[in-house]
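I opened this notebook to record what I looked up in one structure, taking cysteines, backbone geometry and nonpolar packing in turn.

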Amino acid sequence: MASPPLQLAAAPLLLLLLVLVVVPGTRSSRVFSVADYGAAGDGSRYDTAAIQAAVDACAAAGGGRVLLPAPGNYLTATVHLRSRVVLEVPPGARLLGGTRQADYPPESRRWYVVLAENTTGAGVTGGGEINGQGGAFVVTPSEVKNVMVSWNATGDCLGDECRPRLVGFIDSKDVRIHDITLNQPAYWCLHLVRCDNTVIHNVSIFGDFNSPNNDGIDIEDSNNTVITDCHIDTGDDAICPKSTTGPVYNLTATNCWIRTKSCAIKFGSASSFDFKRLVFDNITIVDSHRGLGMQIRDGGNVNDVVFSNIKMSTRYYHPLWWGRAEPIYITTCPRHPDSKEGTISDIRFINISSVSENGVFLAGSKHGLLRNLKFKNIDLTYKRWTNYTGGLYDYRPGCREMVKHKTGGMMLEHISGLEIDNVRMRWARGSLKGWNVNPILFRPSTTDKLSFHDWQSVDVQ
């Protein structure tokens with residue numbers, strides 16, 4: 001298919017250049033080695049006191065770098081970063097997160113191996129590794145889905161998600177995270193909360209593919225965020241904007257590679273506030289349970305989003321994982337019967353190709369319509385290669401949960417405004433048992449303002 005030059009992402013990319021050029025890093029190039037403060041780096045003795053002493057001395061001097069000398073394995077409880085302090089973990093050095101609940105603060109919201117709160121200009125870099133030792137939190141290993149430990153005895157957190165995250169920045173600005181490997185988180189890996197002006201560049205994230213809730217990058221209530229050249233291979237959602245206490249504006253993610261047993265790019269499901277002006281460009285998604293997803297469940301609205309120049313393959317995994325192999329999954333519905341319904345509008349999909357075991361799923365709700373969706377230059381290939389059961393639509397969390405349904409190339413409901421321009425569906429007919437013969441499935445009573453131009457549906461071998 002023809003792929004005309006794309007200009008929609010120019011403004012966010014310009015923002016990236018301005019961020020990198022205008023915003024300075026640390027005010028000082030001074031280096032504070034944790035070895036000078038007594039760190040052993042042997043992986044068995046805790047180096048927390050030495051690392052924290054180096055961080056505090058660096059901050060008192062006006063900022064700089066805190067170095068973990070290589071080679072070395074530095075076991076630690078929570079390390080608290082300060083303003084203008086950059087933690088440098090060079091190749092051959094590893095920062096190891098503790099596996100005891102006593103290694104973390106009393107409040108579960110502050111359970112991180114590395115934590116920056118109310119900072120300016122803090123960051124992490126160096127080319128080495130921060131490792132959460134996530135395997136120590138697996139109670140029962142399973143190729144389907146691991147059963148994880150839960151630190152919920154105190155009631156400070158609920159359910160089975162009471163585990164420490166890896167790296168977190170809370171209420172911070174001018175955050176810089178680059179050239180680092182984040183490995184084996186016990187829970188979420190990299191978490192931004194109410195941050196402003198963040199650059200995440202050349203970060204590699206590896207989580208256990210069978211462990212739940214080990215998200216790659218969670219951007220929560222944070223604005224003006226740029227993510228570039230990242231490699232994310234993990235069990236749960238890879239890049240995940242969330243709105244819990246405030247909106248998410250001006251997020252750009254480019255030049256990333258993703259594999260996940262859940263959703264590669266997912267809005268929500270925490271979605272109490274709005275999402276606006278987000279761009280995802282030049283992304284490769286491999287063997288994921290979902291490609292591009294929105295789970296709007298709490299009344300927030302989504303507006304002005306571009307997905308462009310994306311190649312992906314999506315496949316079935318066990319239904320214990322949310323997802324049904326959809327390349328594109330855009331949904332809004334109330335989490336609970338009395339929840340507010342948000343709307344999703346002005347979403348553009350441009351220059352996208354996929355090979356998938358399921359169709360595109362576009363589902364609004366009665367009081368939360370999908371409006372003005374545009375698909376341009378799209379190539380969708382449908383084939384089956386796993387043995388998992390199809391014929392299900394997955395509305396989780398909440399809403400209608402799992403619904404039996406024949407599968408088509410696109411399923412539409414509660415939509416006002418859908419434009420399809422130069423879209424091709426390719427069908428590997430011999431491998432599509434259970435699929436509906438109709439490429440488009442919709443109820444006329446819930447959809448209007450549909451436009452089709454240069455749309456094809458063809459059989460392939």
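For the burial entries I call a residue buried when its relative accessible area is under 20%, exposed when that value is over 50%, and partly exposed in between. I also keep in mind that this is a predicted model.

**Entry 1, disulfides.** I searched for bonded cysteines and found that the structure holds 2 disulfides, which follow the pattern 1-2, 3-4 when bonded cysteines are counted along the chain. One of them joins Cys157 to Cys162, with an S to S distance of 2.1 Å. I then looked up the accessibility of the two partners: Cys162 counts as buried because its relative accessibility is 1%, and Cys157, at 14%, counts as buried too.

The other link is formed by Cys333 and Cys399, whose sulfur atoms lie 1.8 Å apart. I noted 85 degrees about the S-S bond, and this link is right-handed. The pair connects distant parts of the chain, 66 residues apart, with Cys333 in the loop between strand 26 (328-332) and strand 27 (344-356) and Cys399 in the loop between strand 30 and strand 31. Cys333 is buried at a relative accessible area of 8%, whereas Cys399, at 28%, is partly exposed.

**Entry 2, cysteines without a partner.** Cys195 is in no disulfide, and I found that the nearest cysteine sulfur, that of Cys189, is 15 Å away. Cys195 is nevertheless buried, with 2% relative accessibility. Why is the sulfur of Cys263 not bonded to the closest cysteine sulfur, in Cys240? The two sulfur atoms are 8.0 Å apart, which is too far for a bond, since a disulfide requires cysteine sulfur atoms within 2.5 Å. Cys263 also counts as buried, at 2% relative accessibility.

**Entry 3, cis peptide bonds.** I checked omega along the backbone and noted a cis peptide bond between Gly268 and Ser269, where omega is about 0 degrees. Ser269 belongs to strand 22, which covers residues 263-269. I noted a cis peptide bond between Arg396 and Pro397 as well, again with omega about 0 degrees. Pro397 sits in the loop between strand 30 (392-394) and strand 31 (402-404), and Cys399 of the disulfide described above is placed in the loop between strand 30 and strand 31 as well.

**Entry 4, positive phi.** I looked for positive phi values in residues other than glycine, and Gln133 has one near 50 degrees. Gln133 is located in the loop between strand 10 (129-131) and strand 11 (138-140), and its relative accessibility of 29% makes Gln133 partly exposed. Asn224, which is not a glycine either, has a positive phi of about 60 degrees. Asn224 is found in strand 18 (residues 223-228) and is partly exposed, with a relative accessible area of 23%.

**Entry 5, nonpolar cores.** Which residues touch the most other members of the largest nonpolar core? Of its 99 residues, I recorded Phe169, Phe267, Phe307 and Leu362 in that role. A second, separate core of 8 residues includes Phe361, Tyr393, Tyr395 and Met411. I then listed the contacts of Phe267, leaving out residues up to four places away in sequence, and among them are Pro241, Phe275, Leu278, Phe280, Met294, Ile296 and Phe307. The contacts of Phe267 also include Gly293, Gln295, Val302 and Val305.

Technical notes:
Residues are numbered from 1 along each chain as its sequence is written. This is a predicted model: local features need pLDDT of at least 70, side-chain atom pairs count only at pLDDT 80 or more; totals for chains, interfaces and linings use all residues. Side-chain values use heavy atoms; hydrogens and water are left out. A nonpolar core is a set of buried Ala, Val, Leu, Ile, Met, Phe, Trp, Tyr and Cys residues joined through side-chain atoms within 4.5 Å. Buried means under 20% relative accessible area, exposed over 50%, partly exposed in between (1.4 Å probe, protein chains only). Contact means heavy atoms within 4.5 Å. Helices (H or I, at least four residues) and strands (E, at least two) are DSSP runs, numbered from the N terminus.
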